[in-house]
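Colleague: I am new to this structure and would love a close look at one part of it. Could you take me through a single helix and its surroundings, starting from the whole chain?

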Amino acid sequence: MYVALVRQRLAAAAATVVLPAGLPKLQTFGYVPADIDPPCFYAGEAEYNPLTDFGATDTVTITCRVLTSTVDDEAGQLLLDQLLRRTGPTSVRAALERARGAPGQHALDGACDDFVVTRIAGYRLYRVADRAHFGAEITVKAVGDGTED
């Protein structure tokens with residue numbers, strides 16, 4: 001499992017989110033960007049846990065962030081609420097889970113064996129390039145074959 005590819009494919013999955021009319025398309029990154037224009041999703045930090053790696057299988061936890069604007073406090077938080085919904089066209093979680101593939105298939109177009117959204121938390125202000133954005137963290141646990149090819 002090549003973690004950079006997992007992050008890229010998580011970002012590609014999030015790019016399928018459909019935002020309400022009048023809003024710009026969700027900007028997505030498979031890495032931690034130095035600056036953003038909200039609304040934004042990025043698959044960021046990766047945490048490897050060697051105690052959960054069994055044989056040739058690796059487990060990695062990836063912290064993703066969803067960020068919206070603070071120009072209008074209420075509008076930014078309402079959009080964040082829509083992005084964090086369980087289902088629906090604006091749901092980042094639903095978009096990610098669609099990328100798991102059918103039973104028996106590798107997830108994220110073969111980037112890993114499987115993954116699961118394990119947590120959505122950290123609803124607060126985040127600083128990116130000296131600007132504050134409303135946001136939350138989506139934690140994803142991915143498992144793969146332990147090779148990087």
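Modeller: Happy to! Let me begin with the whole chain: of its 149 residues, 41% are buried, where buried means under 20% relative accessible area, exposed over 50% and partly exposed in between, using a 1.4 Å probe and protein chains only. Please keep in mind that this is a predicted model, in which local features need pLDDT of at least 70 and side-chain atom pairs count only at pLDDT 80 or more, while totals for chains, interfaces and linings use all residues. Residues are numbered from 1 along each chain as its sequence is written, and side-chain values use heavy atoms, with hydrogens and water left out.

The protein chain holds 3 helices and 5 strands, in the order α-β-β-β-α-α-β-β along the sequence. Helices (H or I, at least four residues) and strands (E, at least two) are DSSP runs, numbered from the N terminus.

Now to the part I would pick, helix α2, which spans residues 73-83. Its buried residues are G76, L79, L80 and L83. They span an arc of only 100° around the axis, so they sit on the same side of α2; the arc is that of the directions from the helix axis to the C-beta atoms. A general point helps here: an α-helix has 3.6 residues a turn, so residues three or four places apart point the same way.

What do the buried residues of α2 pack against? Their partners are β3 (58-68), α3 (92-98), β4 (114-128) and β5, with contact meaning heavy atoms within 4.5 Å.

One of these partners, strand β5, covers residues 131-144 and includes H133. H133 has 3% relative accessibility and therefore counts as buried. Leaving aside residues up to four places away in sequence, H133 touches I36, P38, L67, T68, T70, R124, L125, Y126 and V128. By contrast, G104 is 29 residues from H133 in sequence and 39 Å from it in space, C-alpha to C-alpha.

P38, among the residues that H133 touches, brings us to an unusual bond. Most residues other than glycine have a negative phi, and most peptide bonds are trans. The peptide bond from P38 to P39 is cis, with omega near 0°, and P39 lies in the loop between β1 (27-29) and β2 (40-48).

Finally, look at the loop between β4 and β5, where A129 is placed. A129 is not a glycine, yet its phi is positive, near 55°. With 41% relative accessibility, A129 counts as partly exposed.
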